[in-house]
Amino acid sequence: MTYPTPALTPISNNNNQNESLISLMQRHIIQDKYDNGYKQSTFEGKSQQMLTVMDQIDHLGFVPENLIELEVNWFYNSLSFDESFFANESVDNIVSYIHTLYAAKLSSYAKSTDESAPLDIHFARELSDHAIYIDTSVPGVSNIEGPNYENSIDKKYLNQKDADGNVFRVESFRSGIVTKPSKPEANSESLRCYFVYKCNFVNPAPHKDETDLKVISDKNFYERSTENTKAIYSDIIKKVVERTGPVIELYEVDGSQERRIIIGFRQGTAPGYISALSDLYHYYGLTSSRKYVEQFSNGVSVVSLYLNQVTAGANGASPFAIRDSIQQVIREASLLYCLPNTTFQEHFATGDLSLQECIYAHSVFVFIQHFLNRLGPEYTSLNKFLSPTNPEHVEVLEKLKQRLKGETFSADYVKNIINDQIDLIRLLYVQFADVHYAKPTGMESIPTTLSYQRLQGEEVLTPEQMKHLIEKSATNDHQSLVMKAFLTFNENVLKTNFYTPTKIALSFRFRPSTSFLPVTEFPTPLYGMFLVVGQEFHGFHLRFRDVARGGIRIVKSRSVEAYGKNLKSLFIENYNLANTQQRKNKDIPEGGSKGVILLDPRYQDRANLSFQKYIDSILDLLLPGATPGIKEPIVDLYNQPEIVFMGPDENTAGLVNWATLHAKSRGAPWWKSFFTGKDAALGGIPHDHYGMTSLSVREYIEGIYQTNGIKDQSTVRKLQTGGPDGDLGSNEILLSGETYVAIVDGSGVLHDPKGLDRNELVRLATERLMINNYSSAKLSSEGYKILVDDKDLVLPSGECVSNGTNFRNSFHLRNDLDVDVFVPCGGRPEAINITNVNKLINPKTGKVCIKWIVEGANLFITQPAKIRLEEAGCILYKDASTNKGGVTSSSLEVLASLAFKDDDFYTHMCQNKESKVLPEFYQAYVLQVQQTIKNNAKLEFFALDALAKLTGEKRSILSDTVSIAINDLSDELQLCSLWEDAKFRTYILNNALPSILIDRVGGLDAIVGNVPDSYLRAIFGSWLAGRFVYERATKIKVDPKLNKEISIGGSGVEFFEWIRNLESKE
């Protein structure tokens, strides 16, 4: 390995420009250079144990008698083991270790006739409570071809607790033994030893914020560590408890070139971080004489690195001053924490790419998997030629699109292309860094970082020059397309936390451009787009307006195959969810947004951690950096304040409290409104507790029964996906009166043609249990319960179910269930699509087997499939209309947080933490929110019903038409002169705002004084637009034979007359 030219990382860009990064840090000095932080142990029985070991080795006869004493002395005295090791090991184990090492020596010598060849030893012994590894290595060099013991230790002992809940600590040091005795250079190969021990905590289960070492320490650590070490660790642990990411401290050793970097972080938050740190300090010409990983029972890990410069030797001396190298390691340790292991890690370990280049390439690799234009001009031409209203044409296009996306550019294929273009990666990274690195000013006399020195000497290519170089370097069109995607990435990133000193995942705010979002696939332009990349996940946040609201969902995958499918659909699913949200948000001032987090298949158990990283990284781009060395200013090409409003969705309902409090802790002025659906103690209105989403869905179901003359709901047979454990599923069960025939949820399928037991379903819904908890004794002789893990079961009908998961995934497509209404309350998007929808249609009659479908789950049915179902006679109401109760509740929750001053907000909207009593106003406000949800749903239901009967148009199309009409009219009204009419404005706001809120805040003037003008304008516009479109839809009198083409939004004259009528009511 030759030492590389370092890549770009910024130095501190703060108000005091006369400091370097190391100067900015508190200077810590360790006075005694011989103090390694631990007390030296003494084992009085060592000599006697050695004699016993020699006797046993002699008895076994494997080692020649004349070498026994030599080998035992070498093991006991030359490897520099602490004497506590011998005190705690059995004689049998020590004998086994010496035998194994002796055999390794023989094997090493047998492989080479060269006397100067290094002694190549690779020793590993893993026991239940401890492990030992000894490896031959070159100081300062990452050996990617050897056994990689550090990676193994990370994976097996440090990334997470073992199956029994144990955690392990590690001690590692480089022994004084040089394995090339004839060439004893300072940088020669030597033995690296690792000792892994199961922790034995003083208190195994303290509070997570406990910081007293007497309580949280491993007993062995507490006994052996010096008082100075305890003080250092105590200080770091306290900071870890207070922060989200890693805490990094530097300690200088008086009278020595050695530097000690100590890093504290939460256990399990950075898989592979410890071993990756070795690659980092090796890259900058450093080696470690010792390193320790100490674990604490409050969930904190602390790693200590004892670092020295690599001196002259076979691989050359480090070209960097140790101060510069240390500064780079400190800077990049935070970046490494975000992504300890990337797709291109090997290039970093070998020095071909710097850490920044490697992580940049990985981030763009993630981007490419979603935005490489894989359909091509032929697909675009075919799309224009075929009819979007012809189901057969739509099916052909859909199958072609999925095949092109799945087969043309696989992840491995893209990775191979990037691996062949490392030189281009370096140049593309410099172009990216030249824009987003916050360039220092006034620092001519200051020692700059190594990476900044590099920037001064690199030529930054223009986009045109870069494009030309890519085309010249590419050997085929695919290479050119992939590498130009890097250029697209660079050109559209508006801001990033890539160069923020401390962070826990990477976030990028993009300009949503048609250069990677073709109009043929994404016809409605996005307003804002974030990409977040972490070790355990990656995800997006998309919005269609500046002020927008939508939930954050976490997508889990049961298998690698399921992950592959979820990966392919991630962005389009996110886009469609946000677009649906935009349409369903027509009754509220906020536009539509959505966030989706996809868990890596290796980290399906890290949902909470991934959510926290996702939120914190987006906050990095929303809040100004103002803390030198921690959160510093970033380059912001967007250059205007930006707020993102979020709420709960799949797998995140229990996480919104943390997000709210975290935004508060980071100083977000809008923390009260950042997340909705939080606990009442924080002023939130939990959707699931009050059934907010279900209230809207139920109004559509009730509307169907009302318009079809059904008075006894128990006569209606019902199918539901989404079980009694979920928000929508449980509340639908509790609010409904139909006879359930089947329920499908994450655990499997529950079906009884005689009807499921109502009381048992209510029990499950009340306790939020999945259908696998349904008592089989409650099933009739024809009923059954099939769980996802079941294999080769026979149904009462005689049908064989070979795989429970497959049976569950396709159950909703069965046409033999004899149901009247289907209410999807959960399930993956596109569960019914144009390729499988015909399973629900009788091929002989052409009629659908389900009369009514009310789509509660977002995107459960694709639009082409909806149209096909309606053509076959189904009355169907889509998600954008039915599932708007939650967003209405969220919007009114935000309105209250904006309308109240802080003290009044705590008094009237927050549950008392001790007594758990809800304020009287809160309880009354929730009732008004629920009534508003039902009123809005009822208005839209009867508008769609009237329009469908009037025009004959499909309800799924009318739903979009109505939403677009309201949103467009709302946007116009917010900017028109009507707002300036104070009397009319007052009248509208008094009707649009909850009366109880107006009264409690102290009148409309008080609300106007507290709530931002733009938000009030949005309320004004959305209320007027919605009431006009809904009301007009139920009153239009047109002969459908003469005029089927009607304007849903009406004419200007009609709106003028409607406004005049409103004014007369003032």
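# A guided tour of the predicted model

Start with the whole chain in view: among contacts in the protein with a separation of 6 or more, 72% join residues 24 or more positions apart, where contact means heavy atoms within 4.5 Å. This is a predicted model, in which local features need pLDDT of at least 70 and side-chain atom pairs count only at pLDDT 80 or more, while totals for chains, interfaces and linings use all residues. Residues are numbered from 1 along each chain as its sequence is written, and side-chain values use heavy atoms, with hydrogens and water left out.

## The overall view

Switch to a cartoon display. The protein has 40 helices and 25 strands; helices (H or I, at least four residues) and strands (E, at least two) are DSSP runs, numbered from the N terminus. Of the 1066 residues, 58% are buried. Buried means under 20% relative accessible area, exposed means over 50%, and partly exposed is in between, with a 1.4 Å probe and protein chains only.

Now turn on a surface. The protein exposes about 43100 Å², and carbon and sulfur atoms supply 49% of that area. The areas come from the Shrake-Rupley method with a 1.4 Å probe; for residues, only the protein chains shown count as cover.

## Stop 1: an enclosed space

Rolling a probe the size of a water molecule over the atoms shows where empty space is left. A search of the whole structure finds 9 cavities of 30 Å³ or more. On a 1 Å grid over the protein atoms alone, a cavity is a set of points where a 1.4 Å probe fits but cannot get out, and lining residues have an atom within 4 Å of a point. Grid points are joined across faces, edges and corners, and a volume is the space filled by probe spheres set on the points.

Let's visit the second largest cavity, with a volume of about 120 Å³. Select Glu150, Ile153, Asp154, Leu158, Val170, Ser172, Tyr194, Ile274, Ser275, Lys291, Val293 and Val303 to show its lining. Which element gives the most to this lining? It is α6, with 4 residues. Colour α6 (149–158), β4 (168–178), α10 (273–283) and β8 (286–296), since each supplies at least two lining residues. By class, the lining has 7 nonpolar, 2 polar and 3 charged residues. Here Ala, Val, Leu, Ile, Met, Phe, Trp, Tyr, Cys and Pro count as nonpolar, Asp, Glu, Lys and Arg as charged, and the others, Gly among them, as polar.

## Stop 2: two ring pairs

Next, show the aromatic side chains. Rings of Phe, Tyr and Trp (its six-membered ring) pair if their centres lie within 6.5 Å; planes under 30 degrees apart count as stacked, over 60 as edge-to-face and the rest as tilted. The count comes to 76 aromatic pairs by this rule.

Select phenylalanine 75 and phenylalanine 86. Their ring centres are 6.1 Å apart and their planes stand at 80°, so the pair is edge-to-face. Phenylalanine 75 belongs to helix α3 (residues 65–78) and phenylalanine 86 to helix α4 (residues 83–88), 11 residues apart. Are these rings buried or exposed? Phenylalanine 75 counts as buried at 2% relative accessibility, and phenylalanine 86 is buried at 1%.

Then select tyrosine 705 and tryptophan 852. Here the ring centres are 6.2 Å apart and the planes at 70°, so this pair is edge-to-face. Tyrosine 705 sits in helix α26 (residues 692–707) and tryptophan 852 in strand β24 (residues 852–854), 147 residues apart. Tyrosine 705 is buried at 2% relative accessibility, and tryptophan 852 is buried at 7%.

## Stop 3: residues in loops

Follow the chain to leucine 859, in the loop between β24 and α30 (863–871). Leucine 859 is buried, with a relative accessible area of 13%. Not counting residues up to four places away in sequence, leucine 859 touches Glu573, Asn576, Leu577, Thr580, Pro829, Glu830 and Asp879.

Asparagine 639 comes next, in the loop between α22 (607–622) and β16 (645–648). Its phi is positive, about 60°, although asparagine 639 is not a glycine. With a relative accessible area of 64%, asparagine 639 is exposed.

Finish at aspartate 209, in the loop between β5 (190–198) and α7 (213–216). Aspartate 209 is partly exposed, with a relative accessible area of 34%. Leaving aside neighbours within four places in sequence, aspartate 209 is in contact with Val241 and Arg266. For a last distance, pick the C-alpha atoms of aspartate 209 and lysine 238: they are separated by 8.3 Å, with the two residues 29 apart along the chain.

Definitions and conventions
On a 1 Å grid over the protein atoms alone, a cavity is a set of points where a 1.4 Å probe fits but cannot get out, and a pocket is an open set with protein on both sides within 12 Å along at least five of seven lines; lining residues have an atom within 4 Å of a point.
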